[in-house]
Each structure stands twice: as structure tokens, then as C-alpha cells.
Amino acid sequence: MKIRDWDQSLKVRLIGEFFMNTSYWMVFPFLAIYFAEEFGKGMAGFLLIVSQVFSVASNLVGGYCADRYGRRQMLMLASIGQGIAFLLFAFANSPWLESPILGFVAFTIVGMCSSLYWPASQAMIADVIPEKYRSDVFAIFYTTLNIAVVIGPLAGAVLFFSFRFELLLAVALISMALGLVMRFYTNETLAQETMEKWGSEASASWVTAVGKQFREYGLIFKDRLFLLFIIAGILGAQTFMQLDLLIPVYLEERINVQTVASLFDWEWTVTGETSFGFLLAENGLLVALSTVIVTRWMTKYQEKWVFFMAAVLYGVAMWIFPLTTLFWIMIVAMGIFTFAELMIVGLQQSFISKLAPEEMRGQYFAAASMRYTIGRMIAPISIPMTAWFGFGWTFAILGILAIASGFVYLLMFRLFEKQPSY
């Protein structure tokens with residue numbers, strides 16, 4: 001399905017989210033370093049876990065609201081809310097005030113708004129794209145995200161540490177502008193009859209609405225198949241969430257100045273911070289160039305083996321990272337890490353849409369994305385783990401968790417294949 005055949009709302013989002021994601025990734029990868037420097041590694045890990053607790057709650061609320069009030073409304077409110085939070089973050093790093101605590105509060109609100117945005121974003125795609133094309137469309141959105149991941153960290157490596165206030169202010173303005181674009185240039189994709197149904201059921205009282213929300217999520221999590229999907233995702237998330245947590249801290253501590261290439265009198269050297277920027281750029285570039293290709297390639301194989309092998313490759317990458325501090329070995333490890341990511345990125349979202357009833361897509365995508373929000377809530381413990389066990393054992397444990405997620409996926413597909421409609 002070609003982009004010109006998409007619903008207008010998706011076209012507008014594709015462009016708007018590219019600019020938002022680019023600016024966001026100028027900031028986000030360096031926050032683990034920022035908080036570790038300001039609070040120490042142990043406290044930074046604890047604070048990052050706390051912030052994700054709020055994101056988990058926001059994620060569930062976001063899924064309910066996306067089904068109750070509509071996709072466009074939630075996208076608009078979440079974008080503007082994120083912009084206001086970044087404005088607060090800029091003020092906490094301004095010429096008038098230096099407050100890491102206020103910065104942490106703002107970062108937490110940013111995460112909550114992002115969690116509100118995600119379910120509506122994914123549900124909108126499922127609303128308007130036929131099932132056979134969804135993997136490709138999810139892959140295209142993921143591609144634009146990772147083009148932003150190429151550009152953002154390279155610029156952010158300079159701007160975040162030297163012009164933090166100006167950068168955060170610019171991100172705030174871009175976020176709020178995206179909210180206005182959602183308001184005026186996108187259409188509501190949730191069926192009107194679904195909104196009316198939710199409205200009539202929830203109109204009795206606020207307490208009734210909240211109670212119904214918990215009952216709906218309770219039904220979702222009683223589905224053993226879906227619950228295994230969440231558990232596998234949480235285990236796997238402990239690996240790929242380290243891209244902006246453990247890996248930058250490891251590189252900063254272990255790489256001082258390293259010569260990676262030389263020719264005559266010219267030398268190319270990297271530090272921990274710049275090597276991290278290059279690894280992020282590698283990840284983003286490979287994803288930008290290969291997501292759609294690899295997604296279509298993976299659709300030729302059984303989903304269960306694709307999910308399993310991706311988990312194994314994530315584990316292998318984790319085991320390679322601590323073996324050496326050589327930059328080129330890091331490049332190889334990141335290549336393996338990225339290929340694992342590409343194998344399942346489109347298939348996972350398409351798989352969720354297969355399981356979700358039309359009238360509950362927002363909630364299903366919200367519940368499914370808990371594998372990221374809960375995963376991110378747990379993932380920061382890797383930072384104090386390095387003080388307890390050292391980098392080697394920390395990476396080894398993460399690799400084991402990744403491979404364990406692969407076996408949970410196999411169990412999940414065993415149940416899935418027994419369903420009569422399979």
C-alpha cells in the first residue's frame with residue numbers, strides 16, 4: 001500500500017511526528033548521563049524507575065481515553081501536554097534557574113504524555129489500514145522514527161551539553177505545534193457509533209467509567225495468550241531499553257579517548273559520548289534503510305521463529321558489548337542488536353491488531369505497550385546493578401533475560417496455534 005493511498009490523518013502524522021521525534025532524540029538519549037551526573041548512578045536509577053510508574057498508569061488511561069474520546073483528541077492533548085512539560089524542563093535548565101529536581105519532574109510529565117499518545121497513535125493506524133498492509137505501515141512509521149534517531153543524537157551530542165536551554169525550548173515549541181497540527185489537519189478515525197456506545201455506557205458517573213475501565217483491562221489480562229505476549233515483551237525490553245540507559249553510561253566510563261582510524265597525519269578519535277552518538281546513528285541509519293525490507297522478508301517465515309530468533313540475537317548483542325571497549329566491535333554488536341529490532345518491529349504491532357476487537361483497539365494497544373512502559377520502569381535498575389555486579393555480569397544477565405523472552409514467545413505461539421481461527 002503506497003503512502004499516497006493512506007488516509008490524510010496518517011500522512012499528516014508521518015510528517016509531523018518526524019520533526020517531533022528528531023527534536024526529541026536530541027534530548028532523550030543523554031538524560032541517563034544527565035541524571036547520573038546530577039544525582040549519582042544509584043539515585044538516577046531509582047528516579048527513572050519512579051518516572052516509569054507514572055508512565056504505566058498514563059498508558060492505561062491513554063488506551064481507555066482513545067477508545068472513549070477519540071484518537072485525534074488524545075493525540076492533540078498529549079502533544080500539547082508534552083510541549084508544556086518540555087517548557088518546564090527548559091526553565092529548569094535556564095539562565096535563571098538550575099534545578100535537576102524540577103528537570104526530573106518535567107521529564108516524568110513528558111513520559112506520561114508520551115504514554116497517553118502511543119495507544120491512540122497505534123489504534124489510528126489499525127482503524128484505517130486493512131490488516132494485510134498493517135505491518136508495512138507500522139514499519140514505515142518506525143522507519144521515519146529511526147531517521148530521526150540518526151539525526152537527533154548527532155546534533156544532540158553537541159546541543160544538549162552546550163545549549164541545553166535553547167534546545168529544550170525548541171523541543172517544547174515543536175511539540176505544541178504538532179498538537180495544533182493534529183487539531184486542524186487530521187480527522188477522527190474512531191467510528192462514531194463506537195464513541196456513542198462508550199459515551200452512553202460511561203455517562204452514568206465518573207466512578208462507573210473508572211470501574212468499567214478496570215474491568216475491561218482485567219478481561220484483557222485474563223487472556224493467557226495476551227499475557228504471555230506482555231511477559232515476553234517485558235523480558236525483552238530489558239535488553240533494547242538499555243540503548244539509552246546502560247550503554248551510554250558504559251561507553252562514557254570505559255572509553256576515554258580512542259583512535260579508531262588514522263591515515264598519514266590524520267586521526268579519527270572518539271570519546272565515550274561521541275561513540276554513543278555514532279552507535280545511535282548506526283542504529284537509526286540501519287533502521288531507516290532496512291525496516292520495510294526486513295519486515296517484508298520476515299513475513300515469509302513463521303512468526304514464532306522470527307520472534308524467537310530476534311530474542312536470541314538481542315541476547316548475543318548484550319554478551320558482545322562488555323567483551324571489549326574497541327569501537328569497531330561495538331559497531332558489530334550494534335549491528336546485531338539492530339537486526340534483531342528490525343525482525344519484529346512491524347510484526348509485533350500487526351500481531352496485536354489481530355488479537356484486538358475493533359471497539360477495544362486503543363485499550364489493547366495500551367495494554368500491549370505496557371511491555372515497554374513496565375519494561376522501562378524496570379530497566380533503569382541496570383545502572384545500580386553495575387555498581388553491585390560490574391558491567392560484565394550486568395550485560396550477561398540482560399542477555400539471559402532476552403533469550404528467556406524468546407522461549408516465552410514460543411509458548412505463546414503454541415497457544416495461538418491452537419485457536420480455532422488460526
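These legends describe close-up views of a predicted model of one protein chain.

**Figure 1. The whole chain, built from 18 helices and four strands.** The protein chain has 422 residues, and 57% of them count as buried. Its accessible surface comes to about 17800 Å². Carbon and sulfur atoms hold 67% of that surface. Take the contacts in the chain with a separation of 6 or more: 84% of them join residues 24 or more positions apart. The views below pick out single places in this chain.

**Figure 2. R13 and E17, a salt bridge within helix α1.** A search of the whole structure finds two salt bridges. In this one, the side chains of R13 and E17 meet at 2.7 Å, N to O. Both residues lie in helix α1, which covers residues 8–24. They are four residues apart, about one turn of the helix. Are R13 and E17 buried or exposed? Both are buried.

**Figure 3. K304 and E417, a salt bridge between distant parts of the chain.** The closest N and O atoms of K304 and E417 are 3.5 Å apart. K304 belongs to helix α13 (residues 303–320), and E417 belongs to helix α18. The partners are 113 residues apart. K304 has a relative accessible area of 19%, so K304 is buried, under the 20% cut-off. E417 reaches 29% and therefore counts as partly exposed.

**Figure 4. T186, in the loop between α7 and α8.** The helices on either side span residues 164–185 (α7) and 192–202 (α8). Why does T186 count as buried? Its relative accessibility is 2%, so T186 falls under the 20% cut-off. Setting aside residues up to four places away in sequence, T186 touches S9, V12, R72 and V181. R13 appears again in this view: T186 and R13 are 173 residues apart in sequence. Their C-alpha atoms are 8.0 Å apart in space.

**Figure 5. S79, a buried residue in helix α4.** Helix α4 runs over residues 71–91. S79 has 4% relative accessibility and therefore counts as buried. Which residues does S79 touch, not counting residues up to four places away in sequence? They are Y117, S175, M176, L178 and G179.

**Figure 6. G103, a buried residue in helix α5.** G103 is found in α5, the helix of residues 100–128. At 0% relative accessibility, G103 counts as buried. Leaving aside neighbours within four places in sequence, G103 is in contact with F35, F89 and A92. G103 and F91 are 12 residues apart in sequence. In space, their C-alpha atoms are 8.4 Å apart.

**Figure 7. W118, a partly exposed residue in helix α5.** W118 lies in the helix that covers residues 100–128. Its relative accessibility is 30%, so W118 counts as partly exposed, between the 20% and 50% cut-offs. Beyond residues up to four places away in sequence, W118 touches N59, Q349, F365, S369 and Y372. One of these, N59, is 59 residues from W118 in sequence. The C-alpha atoms of W118 and N59 are 7.7 Å apart.

**Figure 8. The packing of helices α5 and α6.** Two packed helices are described by the angle between their axes and the distance between the axes. Here α5 and α6 (residues 131–162) pack at an angle of about 145°. Their axes are 10 Å apart. Which hand does the crossing have, left or right? α5 passes α6 in a right-handed crossing. On the α5 side, the residues that meet α6 are Q122, I125 and A126. On the α6 side, their partners are R134, V137, F138 and F141.

**Figure 9. A nonpolar surface patch of about 630 Å².** Which residues make the patch? They are I378, I381, W388, F389, W393 and I397. Two elements give two or more residues to the patch: α17 (382–389) and α18 (391–417). I397 lies in α18. At 30% relative accessibility, I397 counts as partly exposed. The helix of I397 also holds E417, the salt-bridge partner of K304 in Figure 3.

Technical notes
Residues are numbered from 1 along each chain as its sequence is written. This is a predicted model: local features need pLDDT of at least 70, side-chain atom pairs count only at pLDDT 80 or more; totals for chains, interfaces and linings use all residues. Side-chain values use heavy atoms; hydrogens and water are left out. Buried means under 20% relative accessible area, exposed over 50%, partly exposed in between (1.4 Å probe, protein chains only). Contact means heavy atoms within 4.5 Å. Accessible areas come from the Shrake-Rupley method with a 1.4 Å probe; for residues, only the protein chains shown count as cover. Patches are made of residues with over 30% relative accessible area and no salt bridge: like charges are joined within 9 Å, nonpolar side chains (Val, Leu, Ile, Met, Phe, Trp, Tyr) within 5 Å. A salt bridge is a side-chain nitrogen of Lys or Arg within 4 Å of a carboxyl oxygen of Asp or Glu. Axes are lines fitted to C-alpha atoms, for helices over the stretch in contact, and angles run from 0 to 180 degrees between N-to-C directions. A crossing is left-handed if the near helix is turned anticlockwise from the far one by less than a right angle, and right-handed if clockwise.
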